[in-house]
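Colleague: I've got a model open and I'd like to learn how to read it. Could you walk me through it, feature by feature?

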Amino acid sequence: ASTAEMTKPGGAVGMGKVAPNQAKSNLFWWPEQLDLSRLRDHDSRSNPLGEDFDYAKAFAELDYNALKADINTVLTDSQDWWPADWGNYGPLFIRMTWHSAGTYRTMDGRGGAGGGQQRFDPLNSWPDNASLDKARRLLWPVKQKYGEHISWGDLIVLAGNVALENMGFKTYGFAAGRDDDWEPDMVYWGPEVVMLASDRRGKDGKLEKPLAAVHMGLIYVNPEGPGGKPDPVGSAKNIRESFARMAMNDEETLALVAGGHTFGKLHGAHKPADCLEPEPGGAPIEEQGFGWKNNCGKGHSEDTITSGLEGAWTQAPTRWSSLYLQNLLNNEWELTRSPAGAVQWQPKDKALHKTVPDAHVKGKYNPPVMTTADMAFKFDPEYRKIAERFVADPEEFRLAFAKAWYKLTHRDMGPIDNYIGGEIPSEVHIWQDPIDKPTYKLIGDKDVAKLKREVLDTGISTSELVRVAWAAAASYRDTDMRGGANGARIALAPQKDWAVNNPKDTAKVVTELKKIQQSFNEKSGKKQVSLADLIVLAGAAGIEKAAADAGMNVSVPFTPGRGDATQEQTDVNSFSLLEPKADGFTNYYSTEHYLSPAEALVDKADQLALTVPEMTVLVGGLRSLGANADGSKHGVFTSKPGTLNNDFFVELLDMSTKWRKAGDDGLYEGVDRKSGKVKFTATPVDLIFGSNTELRAVAEVYAFDTSKQRFVEDFVSAWVKVMTADRHDM
Ligand code: HEM
């Protein structure tokens with residue numbers, strides 16, 4: 001079923017039910033309507049710690065070593081309500097950490113360990129996260145003890161590190177800094193309406209964008225193989241595709257899985273259908289947030305059901321070793337089934353069948369096992385080469401796992417400015433998008449005024465100044481805190497060549513600004529201006545002039561301090577993922593985008609952490625400024641383009657204009673009702689502000705005769721918010 005079917009009036013929502021007595025959203029009745037809720041989520045009023053809570057400060061007050069020691073104690077303090085396999089919760093915690101970080105996807109930067117999202121549904125109840133409800137509850141006494149000084153997001157990651165260290169592994173480092181969320185992120189996890197369904201591949205066989213997992217409710221791939229078929233080579237393809245969407249190459253992928261599956265076991269003692277009650281989200285109130293109540297045998301220990309596969313990969317599942325890869329490569333494997341009926345592999349050599357100590361039953365020994373996904377590393381030629389190298393050189397394997405684990409768990413935190421704590425490695429990695437900090441004296445107010453004059457003296461139009469500053473800053477995305485004006489990467493590959501940036505015209509502006517920068521820096525000695533600062537400053541100069549040309553006096557706040565990145569500090573492949581295939585603010589849309597133009601606008605606004613009014617005022621202002629990416633006139637409803645005025649709203653809401661489709665290319669034209677003459681052309685992004693009732697309500701405010709001042713002030717403050725969205729140093 002499609003999402004549309006699912007939300008049809010009288011249709012099924014979510015897991016197939018519509019709750020009684022529940023107010024129905026407009027999307028229930030009209031699923032095609034634009035959903036603005038993303039721009040209203042994570043309201044600070046939901047945060048019980050209050051708006052002024054400063055997590056970095058609270059973390060600094062923490063006795064970090066005591067915290068780590070307490071987590072370490074929990075690991076081997078087996079609880080009767082969920083006894084630890086081999087007396088050590090380490091493997092369970094590592095899986096918890098990996099699943100919290102592993103939802104991250106490069107295409108839109110959503111998912112990841114930040115926010116402690118795993119404690120909320122839907123992630124809390126995903127089939128792949130079975131039994132992790134227990135892992136987090138085991139950590140609760142520690143969380144309770146340290147309270148707001150350690151966020152759940154950080155604790156979940158740190159627990160994985162402590163687990164690795166407890167079992168003899170030397171980790172690479174840990175940074176705190178993941179502020180907690182208080183509600184689930186609104187993330188599109190896929191089209192399916194049933195957990196574990198998979199209906200997300202296009203005609204080309206590729207996963208629908210921006211998804212990274214293969215099934216609804218799984219972190220990545222099906223362990224039993226593609227569609228449940230034990231096809232290791234097919235599984236390798238799935239793994240490669242999914243892990244690439246999380247920015248992991250073959251070596252990192254193999255290191256991660258081989259390192260992870262060195263520890264712990266799979267759990268599938270019985271058939272889930274015979275034993276398990278609902279996941280946490282559907283469980284009765286007396287379960288107090290626990291799910292998957294298991295009615296078979298003891299309900300835990302040797303009767304545990306999690307994935308439905310059963311067994312451990314190595315003979316020493318609570319110690320770091322190379323046994324996983326040795327077992328995989330040095331043995332012949334045959335298909336078998338777990339007690340739950342899942343397809344898995346065991347060694348052909350019967351001598352190995354009694355070599356893995358049982359996790360709970362003393363004196364019992366089991367065969368080591370592999371999933372079809374594990375077998376992928378044996379049968380895919382590229383993976384196999386790496387596996388052989390790792391087996392031959394355990395230290396190389398160790399370091400590869402340590403670094404890949406560090407990347408996995410810190411990938412969504414943005415620049416290292418956001419890292420806090422005493423275990424941050426000094427080495428900087430290219431995936432952190434490094435930017436050298438200014439070591440020179442920053443420009444002051446007088447310099448700013450002088451530079452603004454010089455910028456305006458070049459004769460570059462206000463439209464161009466604004467467009468380029470916008471293009472630089474709006475590459476930011478709040479989901480993984482990458483991109484932005486800082487670094488001036490708009491002057492570097494790949495960003496300088498993105499269609500959305502109008503490369504030729506941007507190059508001209510950048511060349512002019514570089515001249516100003518050079519001459520300023522030559523003359524001013526210790527004081528310097530970065531190109532990144534100058535681009536933003538030029539945008540401010542453009543806006544001030546554009547406002548003055550419309551009769552409004554306004555000054556655009558500016559804070560220097562951005563640095564310039566080098567090409568060597570810029571991973572072209574990884575930055576290519578940030579390329580906006582749509583930017584409704586500059587009326588740019590490429591059919592490569594996976595969303596409709598208006599949805600893509602809301603998505604972009606969400607990535608810039610904007611509210612509905614901020615999005616609205618920016619679109620209206622940027623139209624009158626004439627900042628369309630391709631220089632088109634769509635949405636430019638003003639006789640004075642290049643000035644900052646509210647004509648966009650006034651004209652859009654003026655009843656003397658009638659709108660109609662203009663041909664088949666998704667554009668519209670506005671005709672004068674009396675004369676029938678075409679006055680304006682527009683995109684769906686322009687017209688949505690008159691059509692959607694909630695956007696229209698805000699557009700009206702900016703069209704008020706009394707709103708001229710409000711419009712300019714709100715525009716400037718939303719503009720500054722975008723220009724400084726990436727200033728984690730501020
Ligand atoms: C357990 C699949 C990648 C760490 C499991 C289980 C499955 C699985 C089916 C059994 C869960 C249960 O029944 O309790 C996969 C697949 C992967 C993958 C298909 C990707 C191809 C990783 C990675 C890590 C990891 C990247 C960590 C770096 C673990 C650990 C366990 C585990 C430690 C044992 C948990 C325990 O003993 O309770 N994995 N996994 N896995 N996985 Fe993975």
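Colleague: Let me start with a single residue: which residues does Asp647 touch, not counting those up to four places away in sequence?

Modeller: Contacts like that show what packs around a residue. Asp647 touches Ser624, Phe637 and Thr638, leaving out residues up to four places away in sequence. Asp647 itself sits in helix H22, residues 647-652.

Colleague: Is Asp647 buried or exposed?

Modeller: Count the C-beta atoms around it; 20 or more within 10 Å makes a residue buried. Asp647 has 20 other C-beta atoms within 10 Å, so it is buried. For a long-range view, take His261: the two are 386 residues apart in sequence and 61 Å apart in space, C-alpha to C-alpha.

Colleague: Before I go further, how confident is the predictor?

Modeller: Keep in mind that this is a predicted model. The pLDDT averages 95 over the protein, and 98% of the residues score at least 70. The model also scores ipTM 1.00 and pTM 0.95.

Colleague: Where does pLDDT stay under 50?

Modeller: Over residues 1-13, and for that stretch the model has 20 contacts beyond four places in sequence.

Colleague: Okay, zooming out: how many helices and strands are there?

Modeller: The protein has 25 helices and 13 strands. For overall compactness, compare the radius of gyration with the globule rule: it is 28 Å here, close to the 27 Å that the rule gives for 730 residues, so the protein is as compact as a globular protein of that length. The C-alpha trace spans about 90 × 65 × 50 Å along its principal axes.

Colleague: And what share of the residues counts as buried?

Modeller: 47% of the 730 residues. Sequence separation of contacts is another thing to look at. If you take contacts between residues at least 6 apart in sequence, 70% of them join residues at least 24 apart.

Colleague: Which domains does the assignment give?

Modeller: Domain 1 (1-33), domain 2 (46-176), domain 3 (226-410) and domain 4 (445-723). The centres of domain 3 and domain 4, taken over C-alpha atoms, are 49 Å apart.

Colleague: Now the ligand. Which residues come nearest?

Modeller: There are 25 residues around the ligand, and Pro91, Gly260, Gly264, Thr306 and Ser307 come nearest. Helix H5 (90-101), helix H9 (250-260) and strand S2 (265-266) are the elements that give two or more residues to that shell. H5 gives the most, with 5 residues.

Colleague: How do the shell residues divide by character, and which domains do they come from?

Modeller: They split into 14 nonpolar, 8 polar and 3 charged. Domain 2 and domain 3 each supply at least three residues to the shell.

Colleague: You mentioned H9. How many of its residues are buried?

Modeller: For a helix, do the burial count residue by residue. In H9, 9 of the 11 residues are buried, so the helix is largely enclosed by the rest of the structure. Among the buried ones are Glu252, Leu254 and Gly260. Their cover includes H5, helix H8 (232-244), H11 and helix H12 (372-379).

Colleague: H11 is new to me; which residue could I look at there?

Modeller: Try Asn330, in helix H11 (residues 323-330). It counts as exposed because it has 10 C-beta neighbours inside 10 Å. Its C-alpha lies 9.8 Å from that of Pro347, 17 residues apart along the chain.

Colleague: What about backbone geometry; what's usual there?

Modeller: Most peptide bonds are trans, and most residues other than glycine have a negative phi. Now for the exceptions. A cis bond joins Asp121 and Pro122, with omega about 10 degrees, and Pro122 is in the loop between H5 and helix H6 (132-146). The bond from Ala493 to Pro494 is also cis, with omega near 0 degrees. Pro494 is in the loop between helix H16 (462-473) and helix H17 (503-524).

Colleague: And which residues have a positive phi?

Modeller: Leu196 is one of them, with phi near 75 degrees; it lies in the loop between strand S1 (174-176) and H8. Leu196 counts as partly exposed because it has 14 C-beta neighbours inside 10 Å. Asn502 has phi near 50 degrees and is in the loop between H16 and H17. With 21 C-beta neighbours inside 10 Å, Asn502 counts as buried.

Terms used
Residues are numbered from 1 along each chain as its sequence is written. This is a predicted model: local features need pLDDT of at least 70, side-chain atom pairs count only at pLDDT 80 or more; totals for chains, interfaces and linings use all residues. Helices (H or I, at least four residues) and strands (E, at least two) are DSSP runs, numbered from the N terminus. The radius of gyration is taken over C-alpha atoms; the globule rule is 2.2 Å times the number of residues to the power 0.38. A residue is buried if 20 or more other C-beta atoms lie within 10 Å of its own, exposed if 12 or fewer, and partly exposed in between; C-beta atoms are placed from the backbone. Two residues are in contact if their C-beta atoms, placed from the backbone, lie within 7 Å. A residue is near a molecule or strand if its C-beta atom, placed from the backbone, lies within 6 Å of it. Ala, Val, Leu, Ile, Met, Phe, Trp, Tyr, Cys and Pro count as nonpolar, Asp, Glu, Lys and Arg as charged, and the others, Gly among them, as polar. Domain bounds come from an automatic or database domain assignment. pLDDT is the predictor's confidence in each residue, from 0 to 100.
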